[in-house]
Amino acid sequence: MSFSQITACTNIVETYHHFLDWLHFGTHEVITKQDPDEQERQLKYLDLTASAVIFQNAMDMSLIMQQLSAEGNPIDRKTLATTSPSLVGQLKRIGDFVVDIETMPVPFEQAIQLPIDLDFI
């Protein structure tokens, strides 16, 4: 493994850690309980929350990219390489959130039409 590959992997991990720190606000990124079971539970909840936010960001980004592509804007691999579902600039941590429990969301398989690569299957 080359130095540049190691640096790239390290940057990915550090970006994820920054994302976790951003999500874990209010306690200055410190787990306040001394109980090991509670500490493990808090870390698992944080990881679950991070996974849910990253999944939603990936869905939103995919829908936007599909819309741009449908409008005739080409999206190349170089552009995609600059995106990340763990960016936090557009997220609203504190504020009003409306949860509609009456409307069922569309399954993501239907919401995003993924091209089928038969060579991959």
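I will talk about helix α2, its crossing with helix α1, and its salt bridges.

Before that, please keep in mind that this is a predicted model, in which local features need pLDDT of at least 70 and side-chain atom pairs count only at pLDDT 80 or more, while totals for chains, interfaces and linings use all residues. Residues are numbered from 1 along each chain as its sequence is written, and side-chain values use heavy atoms, with hydrogens and water left out.

Let me start with the helix itself, where helices are DSSP runs of H or I with at least four residues, numbered from the N terminus. Helix α2 covers residues 36-70, and its 35 residues reach 51 Å from the first C-alpha to the last, close to the 51 Å expected at 1.5 Å a residue; that expected span is 1.5 Å times one less than the number of residues. Just after α2, Gly72 takes a positive phi of about 95°.

Next comes the crossing. The axes of α1, residues 3-23, and α2 come within 10 Å and cross at roughly 105°, the axes being lines fitted to C-alpha atoms over the stretch in contact, with angles from 0 to 180 degrees between N-to-C directions. The two helices are therefore roughly perpendicular to each other, a label used for angles of 65 to 115 degrees.

Which residues of α1 meet α2? They are Tyr16, Phe19, Leu20 and Leu23, and on the α2 side they meet Leu46, Asp47, Thr49, Ala50, Val53 and Ile54, where contact means heavy atoms within 4.5 Å.

Within α2, the buried residues are Glu38, Leu46, Ala50, Asn57 and Met59; buried means under 20% relative accessible area, exposed over 50%, and partly exposed in between, with a 1.4 Å probe and protein chains only. What covers these buried residues includes α1 and α4, the latter being residues 108-111.

Finally, the structure holds 2 salt bridges, each defined as a side-chain nitrogen of Lys or Arg within 4 Å of a carboxyl oxygen of Asp or Glu. In one of them, the side chains of Glu38 and Arg41 meet at 2.4 Å, N to O, and these residues lie 3 apart in α2, about one turn of the helix. Glu38 is buried, whereas Arg41 is partly exposed, at 37% relative accessible area.

Glu40 forms a salt bridge with Lys44, with the closest N and O atoms 3.1 Å apart, and this pair, 4 residues apart in α2, is also separated by about one helical turn. Here Glu40 counts as partly exposed at 41% relative accessibility, and Lys44 as exposed at 53%.

Methods:
Angles under 35 degrees count as roughly parallel, over 145 as roughly antiparallel, 65 to 115 as roughly perpendicular and the rest as oblique.
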